[in-house]
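Me: I should like to go through the terms applied to a structure and to ask what justifies each of them. Please set each value against its criterion.

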Amino acid sequence: MSKSYRDQFKEESARRRRRQQKQIAAVIILIGVLVSGALWYLDGLSKERQATQQTMQTQTATPIEQPKQEVKPEKPASEPAKEEQKQPAAAKTVYTILIDKSDYKLYVLKDNEVVKQWGVAVGAKPGQKQRAGDMTTPTGNFEVDEILDASYWTHDFGDGKGEIKGAYGPKFISLVTGWDGIGIHGTHAPESIGTMASEGCVRMRNDELLELLPYVQVGSKVTIRE
């Protein structure tokens, strides 16, 4: 015998109620689990906060000993620094050179006073220089334009001896005279000093030429007189 729709409805209603009751029970259980978890979590936070507070209280109660700082005595007020007075730079001593052909002498002068002197050799012929190769030493007021290393120079004096090493000594003090190659230099023939022997330059003994160098610089004034 078939069931009426009312019976089917009742049965379906009963099943629906049972499902709803199960769902409500499940929700209640879930809520209970969530509430228990929340209470457990809150309880843990509370305990952790209490432990932190206790630690802070302990640290506050026990002051940390700070290292003692050395107290330095106050320095007396220093006197104001005196302004340094700039001293003018010492003027470099200016020397001039005088070469006297007739005396075969080279003089170092300071304020027209002789401070040093040495013997020299001059051109083989007397008088004022007239042309290149005339074997005379020019006279007049000149100036040093270069100081050269002549230690490796050689020269053939045309005396049949060929190239002579060290013919100009260690240095060649070049002069602006209007003639090429005129200067003060050393020599390979120190016995020529005190004579008329050169091709126009002024010769000195090598060691004495080195003594002269500290008194000479580019721009130094040189006078050669007869």
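The exchange below concerns a predicted model, and takes up its sheet, its cores, two loop residues and its aromatic rings.

Me: What makes β3 and β11 the edges of the sheet?

Reply: The open sheet has eight strands in the order β3-β2-β1-β12-β5-β8-β9-β11, with mixed pairing. β3 (113–119) and β11 (202–203) each have a single partner strand, so one side of each lacks a neighbour in the sheet.

Me: How do you know that β1 pairs with β2 and with β12, and in which sense, parallel or antiparallel?

Reply: Pairing requires at least two bridges between two strands. β1 and β2 are joined by five bridges and run antiparallel, while β1 and β12 are joined by four bridges in the parallel sense. Both counts satisfy the criterion, therefore both count as pairs. Isoleucine 97 stands opposite valine 108 in β2 and opposite valine 222 in β12.

Me: What joins β5 to β12?

Reply: Four bridges join these antiparallel strands, and the requirement of at least two is therefore met. Asparagine 141 has threonine 223 in β12 as its bridge partner.

Me: Why is β1 described as largely enclosed by the rest of the structure?

Reply: Four of the five residues of β1 are buried, so the description follows. In the hairpin that β1 forms with β2, four residues lie between the strands, and tyrosine 104 takes a positive phi near 55°.

Me: Which residues touch the most other members of the largest nonpolar core?

Reply: They are Ile97, Ile99, Leu106, Ile184, Met204 and Leu212, in a core of 19 residues. Two or more residues come from each of β1, β2 (105–110), β5, β8, α2 and β12. Isoleucine 184 has contacts beyond four places in sequence that include Ile99, Leu106, Phe172, Met204 and Leu212. Another core, of six residues, lies apart from the largest one and has Ala150, Ile164, Ala167 and Cys201 among its members.

Me: Why is alanine 150 called buried, and where is it found?

Reply: Alanine 150 is found in the loop between β5 and β6. Its relative accessibility is 0%, and the term applies under 20%, so alanine 150 is buried. Beyond four places in sequence, alanine 150 touches Tyr168, Gly169, Pro170, Lys171 and Phe172. Alanine 150 and lysine 171 are 21 residues apart in sequence, yet their C-alpha atoms are 4.7 Å apart.

Me: Is lysine 101 buried or exposed, and what contacts does it have?

Reply: The relative accessibility of lysine 101 is 5%, which is under the 20% limit, so lysine 101 counts as buried. Lysine 101 is placed in the loop between β1 and β2. Its side chain reaches the backbone oxygen of threonine 137 at 2.7 Å. Apart from neighbours within four places in sequence, lysine 101 is in contact with Val122, Gly127, Thr137, Thr139, Ile224, Arg225 and Glu226.

Me: How many aromatic pairs are there, and why is that of tyrosine 95 and tyrosine 215 called edge-to-face?

Reply: The structure holds four aromatic pairs. The rings of tyrosine 95 and tyrosine 215 are 5.0 Å apart, centre to centre, with 85° between their planes. Centres must lie within 6.5 Å and an edge-to-face angle is over 60 degrees; both conditions are met, so the name applies. This pair links distant parts of the chain, 120 residues apart: tyrosine 95 lies in the loop between α1 (5–61) and β1 (96–100), and tyrosine 215 in the loop between α2 (206–212) and β12 (221–225). Tyrosine 215 has 22% relative accessibility and therefore counts as partly exposed, the range for that term beginning at 20%.

Me: What makes tryptophan 153 and tyrosine 168 an edge-to-face pair?

Reply: The centres are 5.6 Å apart and the planes are at 75°, so the pair passes the 6.5 Å limit and the angle is over 60 degrees. The two residues are 15 residues apart, with tryptophan 153 between β5 (140–149) and β6 (154–156) and tyrosine 168 between β7 (163–165) and β8 (171–176). Tryptophan 153 is partly exposed at 23%, whereas tyrosine 168 is buried at 16%. Ring pairs link Trp153, Tyr168 and Phe172 into a cluster.

Me: How do you know that the charged end of lysine 129 sits over the ring of tryptophan 179?

Reply: The charged end is 5.8 Å from the ring centre, and the distance limit of 6 Å is therefore satisfied.

Notes. Residues are numbered from 1 along each chain as its sequence is written. This is a predicted model: local features need pLDDT of at least 70, side-chain atom pairs count only at pLDDT 80 or more; totals for chains, interfaces and linings use all residues. Side-chain values use heavy atoms; hydrogens and water are left out. Rings of Phe, Tyr and Trp (its six-membered ring) pair if their centres lie within 6.5 Å; planes under 30 degrees apart count as stacked, over 60 as edge-to-face and the rest as tilted. Buried means under 20% relative accessible area, exposed over 50%, partly exposed in between (1.4 Å probe, protein chains only). A charge sits over a ring if NZ of Lys or CZ of Arg is within 6 Å of the ring centre and within 35 degrees of the ring normal. A nonpolar core is a set of buried Ala, Val, Leu, Ile, Met, Phe, Trp, Tyr and Cys residues joined through side-chain atoms within 4.5 Å. Contact means heavy atoms within 4.5 Å. A polar contact is a pair of N or O atoms within 3.5 Å; within protein, one must be able to donate a hydrogen and the other to accept it, and residues adjacent in sequence count only if both atoms are side-chain atoms.
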